[in-house]
Every structure is written in C-alpha cells, then in structure tokens.
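Visitor: Please take one part of this model and go through it closely, then place it in its surroundings. I would like the cut-offs stated along the way.

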Amino acid sequence: MRNITVPLWLRALALFIGGVLSTVFAFIAFSALEALWRSEGLHLFGAVWSPQSGRFGILPMIHASFILSLSALCCGWSLSVGCCCVLRGLGPRWLAAMLGFALRFMTSIPTVVYGFTAVFLLVPMIRDALGGSGFCWLGACVMLAIQGVPTMTLVMDEAVRAVSAETYIAAAALGMTPLQNLSRVVLPTVRPWLLSAAVLGFGRALGDTLLPTMLAGNAVQFASSPLDSMRTLTAHIGLVLSSDIGGGENLSLLVAGGLLLSGSIIASLFARRAVRGKKI
Amino acid sequence: MRKNMVIALFSVFLLGLVASASSAAALDAFKDLNGTLDIAGGTAHIPVMKQAAQDIMVAYPDIRITVAGGGSGVGVKQVGEGLVGIGNTGRPLKDSEVAEFGLETFPFAIDGVAVAVNPANPVKELSSSQISDIYAGKITDWKELGGDAGTINVFGREDGSGTRETFTEKVLGKAELAPSVNVVSSNGAMKTAIAQDNRAIGYVGIGHLEPTIAGVIIDGMSPTQEDAANGSYKVVRNLFMNTKGKPTGLTAAFIDYIYSPEGAKIIEASGYIPLPRQ
C-alpha cells in the first residue's frame with residue numbers, strides 16, 4: 001500500500017480547527033464549573049425555579065430533558081428500524097422507493113416547519129382528544145421522534161444494505177423469506193450500528209431547542225403524565241437567554257449548557273465505541 | 001417573474017417618493033448622515049422602530065438601520081456592551097444597569113397590557129384577585145369564574161419579558177406563580193395559543209389585541225388604547241430607548257425622529273400612545 005503523506009497545510013488546518021473547538025468546549029466547561037462555584041445559596045440543583053425569591057433550581061429541566069429525549073428516542077428508534085426493514089425488502093419495491101424519497105426529503109425540512117405545523121395540527125388534536133392545553137410532553141415527544149427518524153434510518157440503512165446484499169442470496173438458497181433474513185441474520189449482525197443510531201438519535205433529541213420550546217409548554221415542573229407541560233434544558237436556555245444579565249439566572253444557564261454539552265459528548269463517545277473496529 | 005420584480009421595485013420607488021414628500025421636514029436631520037445604526041431589545045418596540053427605520057432609509061439610502069428583538073434584557077446587555085446603538089426596554093432601567101453601563105434612557109410611548117381569553121369564552125370580566133388566583137393555581141376551573149366547566153389553561157411569558165413584568169407588577173402583586181403555568185416567548189405565540197384554545201388565558205400588549213382574542217375587563221377597567229392613555233386603565237408601562245452615554249450623530253437623529261410629529265404618528269399606528277420628550 002502506498003504511503004499517503006498529508007500535506008502540511010491540511011495538518012495545520014486540522015490542528016487549528018481542533019484547537020478552536022476545544023477552546024469552545026473548555027470555555028463552556030469552565031464557565032459551568034465557575035458558575036457552580038459562585039452559586040452558593042442559589043440552589044442551582046434545587047427543584048424550585050423562582051427568580052424573584054432567589055431560587056434557581058434547574059432539576060425540573062434536567063428531568064424534562066432526560067425523559068423527553070429518552071421517550072422520543074424509544075418511539076423514533078422503533079420507527080426507524082421499521083423504516084429500515086421496509087426499505088430493505090419487507091415491503092413492495094414501490095413503497096420502499098417512496099419511503100426512501102420521503103426520508104431523504106425530510107432531512108431537508110427545517111425544524112421550525114415541524115414545530116409550526118405541530119402547533120396548528122397536533123396541539124389542537126391532543127387538546128381536543130385527550131384534554132390539557134395540548135402543549136405537553138406527548139406533543140414534543142411525537143415531533144422529536146418524527147424529526148429523528150430520517151437520520152437514524154439512514155445510519156442503520158447503510159449497514160443493513162451492505163449486510164443484506166451479502167446474505168440475501170445465501171439466505172434465499174436456504175429457503176429463508178426476506179423477513180427471516182432480516183430478523184435472524186441482518187439485524188443481529190448490524191447491532192452495533194443500531195446502537196450507534198440510537199445514541200445519535202438521543203443526542204439530537206437532547207440537543208433540540210426549537211421543538212420543545214414551541215410544543216412542550218415550558219412550565220417549570222416535574223411532568224408526571226404525558227399531558228403535562230414541561231421545560232427542557234435547551235428551551236430553558238433559549239427562554240432565559242433573552243432575559244436579564246448576571247445573577248442566578250445566568251449561572252443556571254451556564255450549568256445547563258455544561259450539562260447538555262457533557263450529555264452529548266458522552267452520547268457521541270458511546271456511539272463511536274459501539275462501531276469501533278467493526279467492519280460491515 | 002421579472003415583470004413582477006420591476007413592478008415591485010417601481011412601487012418601492014413610488015412609496016419612497018410619497019414618504020419623502022410627506023415627512024421631509026423631520027427627515028432633513030438625516031441629510032448629511034450615513035453609516036449604520038443597530039437597534040435591539042424589547043419586542044413591543046419593533047413595529048415602531050421598523051417603520052421609522054424604513055422611512056429614514058428610503059429617504060437616505062446611505063443610512064442603514066437594523067432592528068432586532070430579543071427582549072428588554074437583551075436590549076440592555078447589547079447597548080451596554082456597545083454591540084448596538086440603541087437598546088430598547090419595556091421597563092425603566094435598574095440603578096445597577098445605569099451604574100454598570102452608563103446608560104441614558106428615553107421614554108417615548110405608553111403600552112398597556114391586557115389579559116386575554118378566547119372570544120368563545122363567556123367570561124368577559126375578572127377581578128385582579130381572581131387573576132392572581134388563576135396564576136397562583138388556586139382557581140383551576142372556568143366554572144368557578146362563571147364560565148363553562150373545564151380546566152383553565154394558563155399561559156405566561158418568559159422571565160425578563162417586559163410584558164410579564166408589567167403584568168406581574170400591576171396585576172399579580174406578590175402572588176407566587178404556579179409551576180404549571182405554560183410559557184411562550186412572544187406576543188405572537190401568545191395570540192396563537194389563546195386564539196386556538198377555548199380554555200386558555202394569557203396576557204398581551206394592548207396594541208396586540210385583535211378579534212381572534214378577547215381582552216378581559218379587569219376590576220371594571222376595559223383594556224383599550226384610550227383608557228390606557230387617559231390613565232383610567234391602570235395596567236400600563238412605558239417603552240424606553242436607551243443609549244450608552246449621550247447619543248450623537250445618527251443615533252441622536254433617530255431618537256429626535258421618534259419624538260417628532262412623524263414619530264408620534266408611527267407610535268400611534270403601532271398601537272401605543274406617544275409620550276413627549278422629558
């Protein structure tokens with residue numbers, strides 16, 4: 001194999017970008033730690049958010065971010081596995097073609113369109129059918145799940161396509177139906193990619209700001225029913241950023257930012273670990 | 001397509017002629033000025049700022065004025081850090097903000113805040129103590145207020161919103177907000193939420209009242225522009241422009257324009273009541 005040398009300018013560029021990114025990470029991490037250090041008596045990890053009485057607890061937001069992204073992931077991931085199976089031989093060919101086109105098209109739709117459509121269609125539907133105000137965990141979860149499907153499906157599909165191309169003939173020769181091939185051979189083989197897609201989806205759902213802000217209602221409370229209003233960390237940052245300077249609110253944002261960043265870093269490390277060293 | 005463009009450009013040109021003819025006197029101050037003025041802050045101010053900026057830029061194309069929102073907090077922060085020339089707030093500056101940044105403040109309009117419900121809601125009148133109880137979570141059903149039975153869906157604004165501050169100060173008083181209050185981040189989002197939902201209650205700037213939502217009579221005071229101006233409607237606040245130090249050049253000319261008779265017309269057209277320069 002020919003030894004390819006990387007040109008100096010490319011190395012320098014990579015180093016530069018790496019440096020810039022790590023200063024951003026370091027900045028957020030340090031601000032979060034400093035905020036924790038300075039926040040004595042502000043109850044940053046308390047359960048009560050009440051700026052007028054000096055209590056800046058973000059525990060309800062952490063709880064909301066966690067359960068919302070986890071529930072959206074469960075729905076979205078299952079849908080994605082289903083989409084993947086339809087794309088790779090479970091459905092008729094025309095359906096697969098249409099689904100493929102729709103998924104690719106969905107990746108190009110801006111999030112705000114999903115949000116806006118949901119405010120006028122999904123929210124009234126939930127309100128009339130199930131009660132509450134319609135701005136709730138359920139609505140945000142459904143839209144986050146739908147929004148995550150194309151990315152997750154495309155990640156899974158790449159692996160599924162490669163494996164099923166190899167096993168298809170052999171499986172058919174053994175008398176296996178396409179469904180048996182998918183469920184017994186292909187899906188178990190691509191398990192690391194399924195996991196990696198899930199982690200990717202979790203990271204996206206955790207980091208999305210617009211959909212939770214528009215749909216989840218933003219009340220600072222621990223949601224116990226899918227019809228309860230909730231405020232995620234991202235929505236909290238978005239809402240409070242357009243607000244006062246200095247003080248406990250600002251510190252709570254820095255901590256929220258630090259938590260989100262560490263959340264997505266851990267998620268992407270897991271995703272890389274899952275597929276490391278594995279070949280399709 | 002191209003034809004439409006030509007027509008559009010031509011009408012912009014015509015509008016420009018009309019605008020420059022009608023308000024030439026007040027706009028003369030901009031004759032020898034050029035450069036860029038950035039404005040940010042309170043969302044209630046945007047319609048006024050945008051119209052004024054448009055009039056000025058049409059008459060003098062060398063001048064560029066940008067108008068952004070962000071809320072009163074952003075207005076103070078950005079003008080204090082020198083990122084914008086004018087930072088708008090829907091509340092008086094705090095002493096700490098004046099001291100930290102050396103800000104000058106210019107109140108130019110009165111804006112009332114109205115409590116609003118869906119037009120289909122039979123409840124048309126509330127006392128301020130009833131409203132406090134709704135936002136504190138003590139009253140949770142419309143039938144307690146003489147309406148059709150059904151849970152009250154309570155909407156409020158985000159921390160730091162000028163509208164919320166006026167509402168809290170003038171209506172709620174010291175009552176603690178219930179954690180279940182939904183939060184939206186603009187007058188527009190509030191209107192959408194209330195217009196869609198028969199059981200919703202929320203609050204908007206009086207200038208944003210329109211037929212899709214119904215303003216509630218509070219303690220016998222009806223939320224109209226006239227009553228806000230003559231002082232009989234008490235849920236009102238002033239709108240402010242703020243600069244870092246004494247304004248000069250383009251910034252000073254812009255502030256003068258807002259206080260001019262043309263500026264007053266824009267303020268009225270945006271649903272507020274103009275204030276004379278102090």
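Guide: What follows is a close look at chain B, and then at how the two chains meet.

Residues are numbered from 1 along each chain as its sequence is written, while chains are lettered from A and ligands numbered from 1 in the order in which they are written. The model is predicted, and local features need pLDDT of at least 70, side-chain atom pairs count only at pLDDT 80 or more, and totals for chains, interfaces and linings use all residues.

Confidence first. pLDDT is the predictor's confidence in each residue, on a scale from 0 to 100. Chain B has an average of 86, and 91% of its residues score at least 70. In residues 17-21 of chain B the pLDDT is below 50, and this stretch has six contacts in the model beyond near neighbours in sequence. Two residues are in contact if their C-beta atoms, placed from the backbone, lie within 7 Å. Where pLDDT is low, the predicted coordinates should not be read in detail. The model as a whole scores ipTM 0.80 and pTM 0.75.

Now the fold. Chain B has eleven helices and twelve strands; helices (H or I, at least four residues) and strands (E, at least two) are DSSP runs, numbered from the N terminus. The radius of gyration of chain B is 21 Å, close to the 19 Å from the globule rule for 278 residues, so chain B is as compact as a globular protein of that length. That radius is taken over C-alpha atoms, and the rule is 2.2 Å times the number of residues to the power 0.38. Along its principal axes, the C-alpha trace of chain B spans about 65 × 55 × 35 Å. Of the contacts in chain B between residues at least 6 apart in sequence, 75% join residues at least 24 apart.

Buried residues account for 46% of the 278 in chain B. A residue is buried if 20 or more other C-beta atoms lie within 10 Å of its own, exposed if 12 or fewer, and partly exposed in between, with C-beta atoms placed from the backbone. B:Leu126, in strand 5 (residues 125-126) of chain B, is buried because 22 other C-beta atoms lie within 10 Å. Leaving aside neighbours within four places in sequence, B:Leu126 is in contact with B:Val115, B:Ile131, B:Leu145, B:Val216 and B:Ile218. B:Ala59 is 67 residues from B:Leu126 in sequence and 48 Å from it in space, C-alpha to C-alpha.

B:Asp219 lies in the loop between strand 10 (217-218) and helix 9 (225-230) of chain B. Most residues other than glycine have a negative phi. B:Asp219 has a positive phi of about 50° although it is not a glycine. B:Asp219 is partly exposed, with 15 other C-beta atoms within 10 Å.

Last, the surroundings. The contact between the chains takes 20 residues from chain A and 20 residues from chain B. On the chain A side, helix 5 (122-130) and helix 10 (233-241) each supply at least two residues. The largest nonpolar core has 145 residues, and those with the most contacts inside it are A:Met156, A:Leu215 and B:Ala116. Such a core is a set of buried Ala, Val, Leu, Ile, Met, Phe, Trp, Tyr and Cys residues joined through C-beta atoms within 7 Å.
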